[in-house]
Every structure is written in C-alpha cells, then in structure tokens.
Amino acid sequence: MEEIITVANLKKSFGSLNVLKDISFSVHKGEVLSIIGPSGSGKSTVLRCITQLETVDSGSIKICGSPLVTDGKYCSKEEMHKIALKSGLVFQNFNLFPHYSVLKNVVDAQVQVLKKSSEEAEKTAMELLERMGLASKAKNYPGQLSGGQQQRVSIARALALKPEVLLFDEPTSALDPELTGEILSVIKSLAAEKMTMVVVTHEMAFARDISDHIIFMDGGVIVEDGTPQQVINNPQAERTKAFLSRFKKDSV
C-alpha cells in the first residue's frame, strides 16, 4: 500500500530541550493514525515538522514519496511548496481570519494557493460548507459562530485545497465538551471515506474507534505503537498503562 507520510529518525530540539528524540513511523493511503500521549510529549511538534511549520534538526520526511528533508537537509524551496500542498493542517484554535466571512475563509486559500477563479472556488466552498452543515452560515463571520462551527469551517478550508493527507492537532481541545461530538463526527465521516489522516488527540475512545494505527508518545519518543486493540485495550509498556489508567475504563 502506498505510503503517504514516511518519517525516519526525526530529531528536534528547542535550545537545550530535546522535544523529538528519534521518531520513525509511516502512514499509508486511506489510513488513520492517532497520536496520543501527555502534554509536552512532542505530538504537536511532529505535525508541525511534517507541515513545515518547524524545521527538523536531523532525520527524514517524505510526503507522497517526495523527500521534504533527507538526513536533515531540505529540498529546494520550489519543491517544499509543492510538498506543502499535499497536506492540510487543522489547528486546535481554528486559525480563521476574523475579518473574513465564513465563505471567504474557505474561498481565499483556493484563489491564492491553487489559483482558482473566484467562481470555481466559491462553488467548491459552498459544497464543502453544505457537507459541514454550514451552508446557511456562509455570510457570517467567525465571531458569530460557536467553537464547533468554527472548527468545521477550518476543516472545510483544509479540504478545499484537496490535500492527500489531513492532519489534526487536538481538534477538540478548544471546544466545550458538548461541542466535541460534532467535530468527532465529521472526522469519523472522513475516515469512512478513506481520507488519509493523522490525528493528535486526547479523546481515547475516539482514537480507539477511528484509528487503524495508534502511537503513544512520551518524552519525545514513541513508547508504544500498534493497532487500537494493542495500544488502547492491551498496552504492554508500563508508561502506556499508567497514562491510560487516568481515563475511565468505561470511556475507553
């Protein structure tokens, strides 16, 4: 099966703090990988390295077979731009433009990045907003929406660029508990359509139910990885067991 993301021996430090200490994994086409672990374990930094928001110190990353960085050396800026279009990142705090309407938030990137006409971009945007249950909010501004609605707009914006893989960085952490379900439902529907995804999440039951593969990180290393059955239901490492014990058994 085609590898969409290949990460090998990734290392990243911020000053004297070693955030990633030798991370290796791959994500295949149509697969959902969830990354779980305590705060500060390096989960979000992995996503930021894949999406070029952070530079790595050493190691290699390939996206859809195209080398982004090889043994710590990056490809050309032109190639980096092409590779960036293959992945879409959904942030935990939405990152919408507050002075743009919902529709313009989804249209603008298509026009600026994909060089689509306004008409074509608007057609795609409305189709995606309809899919997210937000077509009636197209003329609203982000500040007029609930957190759950804003996150659905950010998912629509990411999908509008037609990425090969969608990455979610704690997509429900900024939401009230009652709004979490609507975002998890959207992600589940994308998984059912075999969208390749990497999800950093603290929702253990969700990770178990949606994932093909789960990685547990702690202290900048992968402590355990495998199927949901292996990692969530039958962890082997004591650190994984200790982490999961904080969650109610009936919730996972």
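This is a guided tour of one predicted chain, moving from the whole model to single residues that can be selected in turn.

**The whole chain**

Begin with the complete chain in view and colour it by confidence: since the model is predicted, it is useful to know that the mean pLDDT is 93 and that 98% of the residues reach 70 or more. If you then colour by element, strand S4 (residues 58–63) carries the highest mean pLDDT among the elements, 98, while helix H6 (residues 177–192) carries the lowest, 88.

Switching to a cartoon display, you should find 9 helices and 11 strands. The radius of gyration is 18 Å, close to the 18 Å that the globule rule gives for 252 residues, so the chain is as compact as a globular protein of that length. Turned along its principal axes, the C-alpha trace spans about 55 × 50 × 35 Å. Of the contacts between residues at least 6 apart in sequence, 63% join residues that are at least 24 apart.

Next, put a surface on the chain. Its accessible area comes to about 11800 Å², and carbon and sulfur atoms account for 49% of that area. Buried residues, for their part, make up 51% of the 252 residues. Should you colour the charged side chains, you will be marking 29 positive and 30 negative ones, and the centres of these two sets lie 2 Å apart.

**Helix H1 and isoleucine 50**

Select residues 43–50, which form helix H1; because 6 of its 8 residues are buried, this helix is largely enclosed by the rest of the structure. The buried residues are Lys43, Thr45, Val46, Leu47, Cys49 and Ile50.

From this helix, pick out isoleucine 50 and show its surroundings. What does isoleucine 50 touch, once its neighbours within four places in sequence are left aside? The contacts are Ile5, Val7, Phe25, Ile61, Ile63, Leu68 and Leu167. The relative accessibility of isoleucine 50 is 1%, under the 20% cut-off, and therefore the residue counts as buried. For a distance to draw across the model, join the C-alpha atoms of isoleucine 50 and lysine 115, which are 65 residues apart along the chain and separated by 24 Å. Before leaving this region, step to glutamine 52, just after H1, where phi is positive at about 70°.

**Two further positive phi values**

Move now to the loop between strand S7 (87–90) and helix H3 (102–113), where phenylalanine 94 is found. Its phi is near 75°, a positive value in a residue other than glycine, and phenylalanine 94 is buried, with a relative accessible area of 11%.

Then select lysine 162, in the loop between helix H5 (147–160) and strand S8 (165–169). Is lysine 162 buried or exposed? With a relative accessibility of 59%, lysine 162 counts as exposed, and although it is not a glycine, it has a positive phi of about 55°.

**Tyrosine 141**

The next stop is tyrosine 141, in the loop between helix H4 (118–131) and H5. Tyrosine 141 is partly exposed, with a relative accessible area of 39%. Draw the line between the C-alpha atoms of tyrosine 141 and serine 101: the two residues are 40 apart along the chain, yet the atoms are separated by 4.5 Å. Beyond residues up to four places away in sequence, tyrosine 141 touches Pro98, His99, Tyr100 and Ser101.

**Threonine 180, in helix H6**

Go on to helix H6, the element with the lowest mean pLDDT, and select threonine 180 within it. Threonine 180 is buried, its relative accessible area being 9%. Leaving out residues up to four places away in sequence, the contacts of threonine 180 are with Thr172, Leu175 and Glu203.

**Glutamine 236**

Finish at glutamine 236, which lies in the loop between helix H8 (228–233) and helix H9 (238–244). With a relative accessible area of 55%, glutamine 236 is exposed. Which residues does glutamine 236 touch, not counting those up to four places away in sequence? They are Glu224 and Lys241. As a last distance, select aspartate 225, 11 residues away along the chain, whose C-alpha atom is separated from that of glutamine 236 by 9.9 Å.

Methods
Residues are numbered from 1 along each chain as its sequence is written. This is a predicted model: local features need pLDDT of at least 70, side-chain atom pairs count only at pLDDT 80 or more; totals for chains, interfaces and linings use all residues. Side-chain values use heavy atoms; hydrogens and water are left out. Buried means under 20% relative accessible area, exposed over 50%, partly exposed in between (1.4 Å probe, protein chains only). Helices (H or I, at least four residues) and strands (E, at least two) are DSSP runs, numbered from the N terminus. pLDDT is the predictor's confidence in each residue, from 0 to 100. Contact means heavy atoms within 4.5 Å. The radius of gyration is taken over C-alpha atoms; the globule rule is 2.2 Å times the number of residues to the power 0.38. Accessible areas come from the Shrake-Rupley method with a 1.4 Å probe; for residues, only the protein chains shown count as cover. Lys and Arg count as positive and Asp and Glu as negative; His and the chain ends are not counted. The place of a charge is taken as NZ of Lys, CZ of Arg, CG of Asp or CD of Glu.
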